[in-house]
There are 2 protein chains.
Amino acid sequence: MLTSSEENYIKALFYLQQKASKGVSTSSLAQRLDTKPSSATDMLQKLSEKGLVDYVKYKGALLSTDGYQLAAHVVRKHRLWEVFLVKTLGFSWDQVHDIAEQLEHVHAPLLVEKLDAFLGHPRRDPHGDPIPDKNGQIHQVEKALLSTQQNDQESILVSIKDANDDFLKYLNQKNISLGAFIKVIALEPFDGSMTVEVNHETHYFSSTITNNLYVQSL
Amino acid sequence: MLTSSEENYIKALFYLQQKASKGVSTSSLAQRLDTKPSSATDMLQKLSEKGLVDYVKYKGALLSTDGYQLAAHVVRKHRLWEVFLVKTLGFSWDQVHDIAEQLEHVHAPLLVEKLDAFLGHPRRDPHGDPIPDKNGQIHQVEKALLSTQQNDQESILVSIKDANDDFLKYLNQKNISLGAFIKVIALEPFDGSMTVEVNHETHYFSSTITNNLYVQSL
DNA sequence: ATATTATTTTAGATGAAACTAAAAATTTAT
DNA sequence: ATAAATTTTTAGTTTCATCTAAAATAATAT
């Protein structure tokens with residue numbers, strides 16, 4: 001069984017290797033976990049010994065198949081607890097991360113499955129992120145351009161078509177990131193522009209924008 | 001903030017000092033926590049430094065006011081989680097202890113209060129043990145002799161009037177202990193005897209017995 | 001291509017929490 | 001009351017996860 005610290009490291013690798021397809025650097029790992037690079041090196045060596053990480057000195061690390069499986073399971077627990085905290089106990093979505101960070105380290109397989117059943121087998125957490133299934137599979141759902149969505153349709157921002165710098169800056173400045181909750185308020189058929197609500201704030205999007213955002217319908 | 005280990009020690013002291021009114025011995029503490037006496041000594045010295053335990057070398061230890069407060073809060077969390085596991089997730093009462101043992105160490109005051117509210121402010125856990133309130137007070141509830149209970153009445157065994165050895169042996173042999181769930185099945189008015197269900201097993205109690213058991217109605 | 005800079009790893013140290021073995025204190029028995 | 005047995009404490013190790021400082025490697029800039 002893994003320690004909490006080991007679980008935190010493989011979870012961080014799980015996130016970081018999604019972006020960078022090459023090996024995850026020691027420093028980025030340390031930065032994400034708010035620790036020092038030397039500590040990250042120590043842990044990478046240990047996890048490599050255990051066969052959970054493929055690690056080459058100075059070259060970076062990636063999760064092995066086993067490591068990925070375990071990481072997905074920790075993420076599953078984290079996201080199920082977040083759903084519980086928001087849906088069952090009435091927390092707001094921004095209060096739950098730190099609590100779920102503790103709950104995810106509780107080891108009790110039956111608890112996870114009973115919680116999942118009680119919550120009605122949710123497919124996404126309150127931030128819109130997908131919940132891995134009990135085998136660690138992340139159900140990749142069909143995505144569509146925001147421009148194809150109908151009035152009142154609710155969706156989650158899942159990816160960006162052309163991720164050029166200017167566009168990312170635009171999104172960043174408006175505080176819009178992957179996982180954002182988007183609801184179509186009004187469509188303008190003559191130019192394809194849209195009034196949308198993103199995380200409780202109203203925005204006007206031209207067709208250039210709506211044709212560049214992939215969403216997943218809720 | 002206390003470590004999980006420190007919390008386990010003060011919780012063990014909380015239980016042990018209820019029975020023995022004198023100082024709790026190093027060995028009994030070690031035995032309860034399945035560890036060695038030398039480890040218990042180390043921890044008692046640390047907790048004494050922190051002002052949570054009144055400890056005199058070779059003489060045993062008792063919780064200070066602060067320590068008692070903290071212990072009661074850990075017990076509160078443990079018992080609330082047990083109620084959640086049984087009532088909300090459908091675990092049986094004998095499966096929940098080890099899981100609650102982990103959940104009790106999650107630090108999130110708001111979580112405890114929201115969980116308490118969600119569960120409807122329960123006063124006892126699934127084993128019949130009282131749940132301390134948010135100030136660490138253990139609400140001592142009114143108790144009555146089992147002989148005064150009506151048909152179908154459900155109650156919890158809370159104490160014994162005359163705790164003589166023979167009677168305790170009798171209870172022990174029948175596997176009946178404090179916290180037991182008792183339901184009155186049938187009353188015999190002519191001699192005051194009773195048919196009762198104790199923890200899902202049927203027993204016949206004479207009036208001598210029903211006049212010696214204090215219960216708390218549910 | 002070599003020097004400079006940045007990143008990564010190693011070596012050694014610290015604090016928690018446990019352990020074993022030996023010393024000290026207390027309790028029990030003769 | 002003293003000896004024997006038991007309990008408790010101390011002293012010294014171990015493992016885990018972190019740190020700092022120094023050495024090794026890789027990346028970059030002239």
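A polar contact is a pair of N or O atoms within 3.5 Å; within protein, one atom must be able to donate a hydrogen and the other to accept it, and residues adjacent in sequence count only if both atoms are side-chain atoms. The model is predicted: local features need pLDDT of at least 70, side-chain atom pairs count only at pLDDT 80 or more, and totals for chains, interfaces and linings use all residues. Residues are numbered from 1 along each chain as its sequence is written, chains are lettered from A and ligands numbered from 1 in the order in which they are written, and side-chain values use heavy atoms, with hydrogens and water left out.

DNA strand D is surrounded by 20 residues. A residue is near a strand if one of its heavy atoms lies within 4 Å of it. The closest are Thr3(A), Ser39(A), Lys46(A), Gln45(B) and Tyr55(B). Of the strand D atoms within 4 Å of the protein, 77% belong to sugar and phosphate. Polar side-chain atoms lie by phosphate oxygens of this strand, at 2.6 Å for Thr35(A) and at 3.0 Å for Ser5(A). From chain B, an N or O atom in the side chain of Thr41(B) is 2.8 Å from a phosphate oxygen of strand D.

DNA strand C also has 20 residues around it. Gln45(A), Tyr55(A), Thr3(B), Ser39(B) and Lys46(B) come nearest. Sugar or phosphate supplies 80% of the strand C atoms within 4 Å of the protein; bases supply the rest. A phosphate oxygen of strand C lies 2.8 Å from a polar side-chain atom of Thr41(A). The corresponding distances are 2.5 Å for Thr3(B) and 2.4 Å for Ser39(B). Two or more residues of this surface come from each of α2 (26–32) and α3 (37–49) of chain A, and α1 (4–19) and α3 (37–49) of chain B. Helices are DSSP runs (H or I, at least four residues), numbered from the N terminus.

Between the protein chains, 20 residues of chain A are in contact (heavy atoms within 4.5 Å) with 20 residues of chain B. The buried area is about 1600 Å², with 77% from carbon and sulfur atoms. Buried area is the accessible area (1.4 Å probe) that two parts lose on being put together, summed over both. In chain A, Leu89(A), Gln102(A) and Lys114(A) lose the most area to chain B, together 30% of what that side buries. Two residue pairs are in polar contact between the chains, both residues at pLDDT 80 or more. On the chain A side, α6(A) gives the most, with 5 residues.
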